[in-house]
Amino acid sequence: MKRLILIFAALSIGISAAAGTTDNGTDPNRSVAHGAESPKYMGSVNAGVAFLGLYFNTSHGVIFPGSGLYAGGSLQYNYIYGASAVDIAAHGKWYYPGEGRVQGYLGLEAGLSVLCPFYSKDAYGSSEYHDAEASFVTSPSLGLVINFNKVSLDIGAKVRFSPQILLGSSLGYIWAPLPMLGIGLVF
């Protein structure tokens, strides 16, 4: 896991350096809003790794360029610990600074997660069927975007919290944080 984080950091530093400005910042497309001055559609697609799994995410909504706020909805497929889940959530992001080749963001997704039905085997070889179940899910995120003329490269990390993955402790069970690292495009 440490190697993956180091590779992720090296890639983001290299891409940030390669995306340096040569026109003294006069290009109007130097933000995730790509030159828009009024609210407009914005979408994104991301893929990444989670602890013992993978995820694919798409989000669509509206960007408010004046404030750097994004509001929309997201759909995410998770394959974690041999089980599949689909998350449907409200999605918000705040981009800072308002303009620049590279912008950071804070985000939050909150909504419903549906764990798909599956079979599991115990140590004795007996199989058990698990029905589909729905639960609340929330995912705070932190990342950066590197802005190009028509699209932006999104590099980020988020932590998924859901009662589908529990962590036992001396105080009982708590929702286990599931770290995720991803890369994608914003258009």
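**Exercise 1. Sort the lining of the largest cavity by residue class, then locate that lining in the fold.**

Step 1. Start with the classes. The lining of the largest cavity has 5 nonpolar, 6 polar and 4 charged residues. The model is a predicted one.

Step 2. Take the lining as a whole. It consists of 15 residues. Nearest the centre of the largest cavity lie Asn46, Tyr55, Tyr105, Asp154 and Lys158.

Step 3. Assign elements. Two or more lining residues come from each of strand E2 (53–64), strand E4 (83–96), strand E5 (102–115), strand E9 (152–160) and strand E12 (178–186). E9 gives the most, with 5 residues.

Step 4. Add the volume. The largest cavity holds about 130 Å³ of space.

**Exercise 2. State how many cavities of 30 Å³ or more the structure holds, and describe the second largest.**

Step 1. Count. There are 2 cavities of 30 Å³ or more.

Step 2. Give the volume. About 50 Å³ of space lies in the second largest cavity.

Step 3. List the lining. The second largest cavity is lined by Asn57, Ser74, Gln76, Asp87, Ala89, Glu109, Val137, Thr138, Ser139 and Lys158. By class, this lining has 2 nonpolar, 5 polar and 3 charged residues.

Step 4. Assign elements. Strand E3 (69–80), E4 and strand E8 (133–147) supply at least two residues each. E8 has the largest share, 3 residues.

**Exercise 3. Find where Lys158 stands in relation to the cavities.**

Step 1. Check the largest cavity. Lys158 is among the residues nearest its centre.

Step 2. Check the second largest cavity. Lys158 lines that one too.

Notes. Residues are numbered from 1 along each chain as its sequence is written. This is a predicted model: local features need pLDDT of at least 70, side-chain atom pairs count only at pLDDT 80 or more; totals for chains, interfaces and linings use all residues. Side-chain values use heavy atoms; hydrogens and water are left out. On a 1 Å grid over the protein atoms alone, a cavity is a set of points where a 1.4 Å probe fits but cannot get out, and a pocket is an open set with protein on both sides within 12 Å along at least five of seven lines; lining residues have an atom within 4 Å of a point. Grid points are joined across faces, edges and corners, and a volume is the space filled by probe spheres set on the points. Helices (H or I, at least four residues) and strands (E, at least two) are DSSP runs, numbered from the N terminus. Ala, Val, Leu, Ile, Met, Phe, Trp, Tyr, Cys and Pro count as nonpolar, Asp, Glu, Lys and Arg as charged, and the others, Gly among them, as polar.
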